[in-house]
Amino acid sequence: MMSVKETYEICNEVDSFIARELAESIIHKVSYDMLEAHYGILPISRTGFYRRRRTVQKILHQRMIRVESKK
């Protein structure tokens, strides 16, 4: 598992405008709707949010595989 800091950095690279929400969504497994309920209206559509979330998760997965293969 990647650290919180590493996860946030990757989210920041993917979309710096919503990096905090993306990181929270991935780390705490929180949905777009829950984030909207907590923070108010997010400056991104649900579809766009989940597209970026999948991008971050893909990068995290690739990095974890790379780390595992080095062991």
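Biologist: Happy to dig in with you! Which elements are included in what covers the buried residues of α4?

Modeller: In this predicted model, the residues of α4 that are buried are G48, F49, R53, V56 and L60. The cover over them includes three other helices, the last of them spanning residues 32-39. Those helices are α1, α2 and α3.

Biologist: Nice. How far does α4 reach from its first C-alpha to its last?

Modeller: α4 covers residues 46-70 and has 25 residues. At 1.5 Å a residue, the expected span is 36 Å, and the helix comes close to that. The reach in the model is 36 Å.

Biologist: Now the core. Which helix supplies the largest share of the largest nonpolar core?

Modeller: This core has 16 residues, and C11, L22, I44, F49, V56 and L60 touch the most other members. At least two of its residues come from each of α1, α2, α3 and α4. The largest share is 4 residues, and the helix that supplies it is α2.

Biologist: I44 caught my eye there. Which residues does I44 touch, not counting those up to four places away in sequence?

Modeller: I44 belongs to the group of core residues that touch the most other members, and F49 is in that group too. F49 is also one of the buried residues of α4. With sequence neighbours up to four places away set aside, the residues that I44 touches are D15, I18, Y32, F49 and R52.

Biologist: Let's turn to T7: is it buried or exposed?

Modeller: T7 sits in helix α1, residues 4-14. Leaving aside neighbours within four places in sequence, its contacts are M2, I26, I27 and L60. Its relative accessibility is 3%, and the cut-off for buried is under 20%, so T7 counts as buried.

Biologist: And what lies 2.9 Å from a polar atom of the T7 side chain?

Modeller: T7 is a buried residue, yet its side chain has a polar atom with a partner 2.9 Å away. That partner belongs to the backbone of S3. The atom is the backbone oxygen of S3.

Biologist: One for the torsion fans: what is phi of K29 near?

Modeller: K29 is placed in the loop between α2 and α3. With a relative accessible area of 67%, K29 is exposed. Its phi is positive, in a residue other than glycine, and is near 55 degrees.

Biologist: Last one, on confidence. Which element has the highest mean pLDDT?

Modeller: The protein averages a pLDDT of 94, with 99% of the residues scoring at least 70. Among the elements, α4 has the lowest mean, 94. The highest mean is 97, and it belongs to helix α2.

Technical notes:
Residues are numbered from 1 along each chain as its sequence is written. This is a predicted model: local features need pLDDT of at least 70, side-chain atom pairs count only at pLDDT 80 or more; totals for chains, interfaces and linings use all residues. Side-chain values use heavy atoms; hydrogens and water are left out. pLDDT is the predictor's confidence in each residue, from 0 to 100. Buried means under 20% relative accessible area, exposed over 50%, partly exposed in between (1.4 Å probe, protein chains only). A polar contact is a pair of N or O atoms within 3.5 Å; within protein, one must be able to donate a hydrogen and the other to accept it, and residues adjacent in sequence count only if both atoms are side-chain atoms. Contact means heavy atoms within 4.5 Å. The expected span of a helix is 1.5 Å times one less than its number of residues. A nonpolar core is a set of buried Ala, Val, Leu, Ile, Met, Phe, Trp, Tyr and Cys residues joined through side-chain atoms within 4.5 Å.
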